[in-house]
Amino acid sequence: MISVIIPTYLPQRYIEECLSSIEHQTIDHNLYEVIVILNGPRMPYKYLQNLLYTYSFKYKLLYTEISGVSNARNIGLDNASGEYVCFIDDDDMISNNYLKELYAIAAVDSLVVTNVLTFDRTIEYLGKDYLSHAFEKNKRFESMSFWKKRSFFSSSCCKLIPMAIIKDRRFNRNFSLGEDALFMASISDSVENIILSPQNVIYYRRIRQGSASRRKHSFYESIVNRLRLIGEYVKLYFIVFPHANFFFFLSRVVAVMRN
């Protein structure tokens with residue numbers, strides 16, 4: 001089974017498109033569950049309850065008054081029944097073959113990574129981002145060095161992750177920026193391989209100027225967050241040492257300094 005984890009905060013109508021794309025998966029609906037974690041204000045709970053009731057897939061609707069995507073994802077992980085986990089943001093969508101194709105090539109010691117395309121209002125007009133370019137760049141390689149793999153560790157979405165790799169690792173709730181890459185780095189020592197899905201397996205990533213990840217932060221906030229992240233990467237390197245790849249962790253620190 002696959003556990004699809006979707007954190008949501010004051011969900012807009014985008015989440016209906018997200019859930020609809022999951023409803024239309026070509027995989028047997030008994031092979032996956034959907035875990036929606038509402039965090040923050042409880043007002044939309046009834047709306048989500050009624051919405052989820054209209055779908056045929058198995059689901060769990062959970063609530064926490066503590067806002068934050070990291071805390072919500074951790075709750076999702078704690079309640080996941082699947083052997084594999086798939087993170088999807090509530091305003092994104094997936095192609096109809098997404099779960100079926102990922103599950104078909106899954107391995108308990110590997111990440112399965114998908115193609116990524118970006119959109120604004122409709123997927124009729126698609127673009128590309130750094131994840132799209134990483135997929136395009138590496139699809140021709142049968143095997144990749146850890147250095148070439150580094151771009152795939154910047155996001156927890158657009159991939160299938162075995163619970164055997166995640167184990168008891170969780171997202172750091174103290175960060176609202178850079179938490180994705182930090183979590184992926186924390187599980188990197190258990191990743192033996194990265195498997196690229198067929199190119200037509202697509203994670204559709206919505207680009208919204210008003211989203212939390214794109215909100216502008218003050219110069220002071222940015223500097224403090226970078227320094228704290230670098231400190232966490234340094235601590236993390238020694239926690240997973242000697243299985244850690246030094247140059248991989250160095251690339252993470254460099255990425256933090258450049259962003």
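The legends below accompany close-up views of a predicted model.

**View 1. The open sheet of 7 strands and its edges.** In this predicted model, an open sheet of 7 strands is arranged in the order 3-2-1-4-8-6-9, and its pairing is mixed. Strand 3 (58-64) and strand 9 (193-196) stand at the edges with a single partner strand each, so one side of each is left without a neighbour in the sheet. From one strand to the next, the twist averages 25°. Strand 1 and strand 2 (residues 32-39) run parallel and are joined by 7 bridges, and within this pair Pro-7 of strand 1 has Ile-37 in strand 2 as its bridge partner.

**View 2. Strand 4 with strand 1 and strand 8 of the sheet.** Strand 1 (residues 2-8) pairs with strand 4 in the parallel sense over 4 bridges, whereas strand 4 and strand 8 (residues 159-162) run antiparallel and are joined by 2 bridges. Tyr-84 of strand 4 can be followed in both pairings, since Ile-2 stands opposite Tyr-84 and Tyr-84 in turn stands opposite Pro-162 in strand 8. Which residues of strand 4 (residues 84-87) point one way, and which the other way? Tyr-84 and Cys-86 point one way, Val-85 and Phe-87 point the other way, and all of them are buried.

**View 3. Helix 3 against the sheet.** Helix 3 (residues 69-78) packs on the sheet and touches strand 1, strand 2, strand 3 and strand 4, with a direction that makes about 150° with that of strand 1. Of the 10 residues of helix 3, 8 are buried, so this helix is largely enclosed by the rest of the structure. The buried residues of helix 3 are Ser-70, Asn-71, Ala-72, Arg-73, Asn-74, Ile-75, Gly-76 and Leu-77. What they pack against comprises strand 1, strand 2, strand 3 and strand 4, together with helix 7 (163-166) and helix 8.

**View 4. Helix 1 packed with helix 2.** Two packed helices are described by the angle between their axes and the distance between the axes. For helix 1 (residues 14-23) and helix 2 (residues 45-53), the axes come within 11 Å and cross at roughly 30°. The two helices are therefore roughly parallel to each other, given that angles under 35 degrees count as such, and the crossing of helix 1 and helix 2 is right-handed. In the contact, Ile-15, Glu-16 and Leu-19 of helix 1 meet Tyr-47, Leu-48, Leu-51 and Leu-52 of helix 2, a set which by class has 6 nonpolar, no polar and 1 charged residues. Ile-15, Cys-18, Leu-19, Ser-21, Ile-22 and Glu-23 are buried in helix 1, and the elements that cover the buried residues of this helix include strand 1, strand 2, helix 2 and strand 5.

**View 5. The surroundings of Leu-52.** Is Leu-52, a residue found in helix 2, buried or exposed? Leu-52 has a relative accessible area of 0%, and because buried means under 20%, this residue is buried. When its neighbours within four places in sequence are left aside, Leu-52 is in contact with Leu-19, Val-36, Phe-57, Tyr-59 and Leu-61. The C-alpha atom of Leu-52 is separated by 9.5 Å from that of Val-34, a residue 18 residues apart from Leu-52 along the chain.

**View 6. The contact of helix 8 with helix 9.** The axes of helix 8 (residues 179-187) and helix 9 (residues 219-240) come within 10 Å and cross at roughly 10°, which makes helix 8 roughly parallel to helix 9. From helix 8, Ala-181, Leu-182, Ala-185 and Ser-186 meet Leu-229, Glu-232, Tyr-233, Leu-236 and Val-240 of helix 9. By class, the residues of this contact divide into 7 nonpolar, 1 polar and 1 charged.

**View 7. The open sheet of 3 strands.** An open sheet of 3 strands has the order 5-10-7, and its pairing is mixed. Strand 5 (93-94) and strand 7 (115-119) are the edge strands, each of which pairs on one side only. Strand 7 pairs with strand 10 (residues 202-206) in the parallel sense over 5 bridges, and Tyr-203 in strand 10 is the bridge partner of Val-116.

Key: Residues numbered from 1 in each chain as written. Predicted model: local features only at pLDDT ≥ 70, side-chain atom pairs only at ≥ 80, totals over all residues. Heavy atoms only, no water. Buried < 20%, exposed > 50% of the residue type's maximum accessible area, 1.4 Å probe, protein only. Pairing = 2+ DSSP bridges. Axes fitted to C-alpha atoms, helices over the stretch in contact; angles between N-to-C directions. Parallel < 35°, antiparallel > 145°, perpendicular 65-115°, else oblique. Left-handed = near helix turned anticlockwise from the far one by under 90°. Contact = heavy atoms within 4.5 Å. Nonpolar A, V, L, I, M, F, W, Y, C, P; charged D, E, K, R; others polar.
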